[in-house]
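Here's a walk through a predicted model. Have the chain open in your viewer and follow along.

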Amino acid sequence: MARKSVSSSAANGNSHPPKPEPETTESPAEPELIPGTNREDTADEFDWDSSLYERRQALPYDPSLLPTGRRSLSSIALQSFSLGLTLASCILATTYLLLTNNPLWRLPTFFACLSLFHFLEFWTTARFNMPAARASSFLLFSNGAAYNIAHTLATVEVLTSAFFPWYQSLFVNPFTITSGVVLVLIGQSIRTLAMAQAGTNFNHTPAKTKQEGHVLVTEGIYRWLRHPSYFGFFWWAIGTQMLVGNKVCVVGYSIALFNFFNRRIKAEEITLVDFFGDDYLAFRRRTGTGIPFIY
C-alpha cells in the first residue's frame with residue numbers, strides 16, 4: 001500500500017505544519033493567428049470530414065458542361081483563348097504596320113474589332129445573364145450564313161484594295177477613319193451596356209413566349225433607345241467598314257443591316273406588344289431606334 005510521506009519538521013515535532021503549495025491555474029494558450037488574417041494557424045486548414053466537404057462532393061451531374069454539351073467548358077475555354085490570342089496579335093500587328101506605313105494595317109484592325117466584339121458577347125451574357133450563357137453565346141458559329149459572308153467580303157475588299165492604292169485612298173481621309181473609330185467605340189459600348197442593363201431580359205434569340213420574371217426594361221440606356229443592342233450593332237458594323245476604308249462594304253452593310261433590323265424589329269415588337277400591352281405601346285411612342293428610317 002502506498003504511504004503518504006511526512007516532512008522532516010513534522011517528524012521532529014515542529015508545531016507549525018508546512019505551508020501548502022499555492023495552486024496555480026494556467027490560462028489556455030491563445031491560438032496563434034496567421035499574420036495579416038483572423039484565421040488560426042493550424043496544421044489542417046480544412047476539416048475533410050465536415051458536412052461542408054460532403055456537400056461539395058455531392059454536386060449534381062451536369063452533362064451540358066461536357067465537350068458535346070451546350071455549356072461545354074472546353075469549348076468556352078478554347079474560344080476565349082483563341083479570341084484573346086487573336087486580339088493581342090492583331091493589336092501588335094496593327095501597331096507595327098502603322099509604324100512602317102504599310103496599308104495592310106486595316107486587316108488586323110478589322111480582326112481586332114471582331115475579336116473584341118465576340119468576346120464581349122459571351123462575357124456580358126455570362127456576367128449579367130448567367131442562365132442564358134452558352135458556348136454559342138460568343139456568336140462565332142451561330143450568327144447565320146449572311147453574317148459570315150459579310151465579314152468574308154469585307155476581308156476580301158481590304159486585301160484587294162491593298163494592291164490598288166488609288167482605290168484604297170478613294171473617299172478615305174483622316175476624317176472618315178476617325179469617324180469609323182468613333183462609331184465602333186460608341187456602337188460596341190452601347191450594345192454591351194444594353195445587354196448588361198437588360199440582364200436576364202436579354203437574349204440573343206428573340207423570345208416567343210413570356211418567361212417568368214420577364215419585365216419591360218425602360219431605364220438606363222433604354223430610356224433613350226428602344227432597341228439599344230440593335231442600335232449598337234448597326235453602327236458598330238458600319239463603323240468597322242469606315243475604319244478600314246471599305247467603300248463597297250459600307251454600302252452593302254448599310255443596306256443589309258437596315259433590311260435585317262427592319263424585319264427583326266417589326267416581328268419582335270408584335271410579340272412585345274402581346275407580352276406587355278399598353279406599357280410597350282407607350283414605351284414605343286416615346287423612344288426611337290436610332291437606326292435610320294426604322295421608327
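Start with R223 and E219, whose side chains form a salt bridge with the closest N and O atoms 2.5 Å apart. How covered is this pair, buried or exposed? R223 has a relative accessible area of 44%, and E219 comes in at 47%. Buried would need under 20% and exposed over 50%, so residues in between count as partly exposed. That puts R223 in the partly exposed class, and E219 joins it there.

Now move along to E269 and R284, another pair of side chains that meet in a salt bridge, this time at 3.2 Å from N to O. This one ties together distant parts of the chain: E269 sits in helix α9 (residues 247–276) and R284 in helix α10 (residues 278–286), with 15 residues separating them. The two ends aren't covered alike. E269 is buried, since its relative accessible area is 5% and thus under the 20% cut-off. R284, at 31%, is partly exposed. There's a third player here too: R226 is linked with E269 and R284 in a network of salt bridges.

For a contact that spans a longer stretch of sequence, go to R191 and E121, whose side chains meet in a salt bridge at 2.8 Å, N to O. Here R191 belongs to helix α7 and E121 to helix α4 (residues 106–128), so the pair joins parts of the chain 70 residues apart. Both R191 and E121 are buried. Across the model, the count comes to 4 salt bridges.

Let's turn to the nonpolar side of things. F163, F164, W166, L170 and F171 form a nonpolar patch on the surface, and together they offer about 660 Å² of accessible area. Where does L170 sit? L170 lies in the loop between α6 (165–168) and α7 (174–198). Why can L170 belong to such a patch? Patch residues need over 30% relative accessible area, and L170 has 34%, so it passes that cut-off while still counting as partly exposed.

Finally, look at what the record says about this part of the chain. An unreviewed UniProt entry places the feature "transmembrane region" at residues 76–99, 105–123, 135–154 and 166–186. Over residues 166–186 the model is 76% helix and 0% strand, with the end C-alpha atoms 30 Å apart. Over residues 135–154 the chain is 50% helix, again with 0% strand, and the end C-alpha atoms lie 26 Å apart.

How values were computed. Residues are numbered from 1 along each chain as its sequence is written. This is a predicted model: local features need pLDDT of at least 70, side-chain atom pairs count only at pLDDT 80 or more; totals for chains, interfaces and linings use all residues. Side-chain values use heavy atoms; hydrogens and water are left out. UniProt positions are given in the numbering used here, feature names are shortened, and annotations may be inferred rather than shown by experiment. Helices (H or I, at least four residues) and strands (E, at least two) are DSSP runs, numbered from the N terminus. Patches are made of residues with over 30% relative accessible area and no salt bridge: like charges are joined within 9 Å, nonpolar side chains (Val, Leu, Ile, Met, Phe, Trp, Tyr) within 5 Å. Accessible areas come from the Shrake-Rupley method with a 1.4 Å probe; for residues, only the protein chains shown count as cover. Buried means under 20% relative accessible area, exposed over 50%, partly exposed in between (1.4 Å probe, protein chains only).
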